[in-house]
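Biologist: I have not seen this one before, so could you show it to me and then walk me through it?

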Amino acid sequence: MRKLGASPLTGAEKQRRHRERTKARLAEAERLKSLFAGEDRGAFPGLAALYDSLLTGLGASADEREALAAGVGAVAADLHAALAARAGDDLAQLREDKRWRPTSLLARLDGASRIKG
């Protein structure tokens, strides 16, 4: 029996704790399912609230925010395209750096000595 504090845990206490952990995991799974239900992979959860708060910070009235709320889909598409382009550039740069890395023994020893300090 595992001890917690001064007295060991009883079987009933272990079962109760297990049930609580299981319920918490199931609740988290349900929360995540409801969060991502009906959204495609390109969607950004919470983008509408962020856009609304930015408009509020810029001094937009409630009517203006309501009128611009319909354009959140276009904002999400623009943001997705910009991030995809950036990720593609970063990946291409990483692959280019890997491709032209010197492979001589001296170069590898020099690289190893830089890593060690």
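Modeller: We can talk through the salt bridges and then a surface patch. This is a predicted model, in which local features need pLDDT of at least 70 and side-chain atom pairs count only at pLDDT 80 or more, while totals for chains, interfaces and linings use all residues. Residues are numbered from 1 along each chain as its sequence is written, and side-chain values use heavy atoms, with hydrogens and water left out.

Biologist: How many salt bridges are there, and what counts as one?

Modeller: The count comes to seven salt bridges, where a salt bridge is a side-chain nitrogen of Lys or Arg within 4 Å of a carboxyl oxygen of Asp or Glu.

Biologist: Which residues are linked in a network of salt bridges?

Modeller: E13, R16, R17 and E20 are linked in such a network. Within it, R16 forms a salt bridge with E13, their closest N and O atoms being 2.4 Å apart, and R16 also forms one with E20, where the closest N and O atoms are 2.4 Å apart.

Biologist: Where do R16 and E20 lie?

Modeller: Both R16 and E20 lie in helix α1, four residues apart, which is about one turn of the helix. R16 and E13 are three residues apart in helix α1, so about one helical turn separates them. Helices here are DSSP runs (H or I, at least four residues), numbered from the N terminus.

Biologist: And R16, is that buried, exposed or partly exposed?

Modeller: R16 counts as partly exposed, at 34% relative accessibility; buried means under 20% relative accessible area, exposed means over 50%, and partly exposed is in between (1.4 Å probe, protein chains only). Its partner E13 is partly exposed at 22%, and E20 is partly exposed at 43%.

Biologist: What do the side chains of E28 and R31 do?

Modeller: The side chains of E28 and R31 meet in a salt bridge of 2.9 Å, N to O, and both residues lie in helix α1, three residues apart. E28 counts as partly exposed at 36% relative accessibility, as does R31 at 44%.

Biologist: Changing topic, which residues form the nonpolar patch on the surface?

Modeller: L32, L35 and F36 form that patch, with about 250 Å² of accessible area together. Patches are made of residues with over 30% relative accessible area and no salt bridge, with like charges joined within 9 Å and nonpolar side chains (Val, Leu, Ile, Met, Phe, Trp, Tyr) within 5 Å; accessible areas come from the Shrake-Rupley method with a 1.4 Å probe, and for residues only the protein chains shown count as cover.

Biologist: Where is the place of L32?

Modeller: L32 sits in helix α1, residues 11-36, and is partly exposed, with a relative accessible area of 35%.

How values were computed:
Helices (H or I, at least four residues) and strands (E, at least two) are DSSP runs, numbered from the N terminus.
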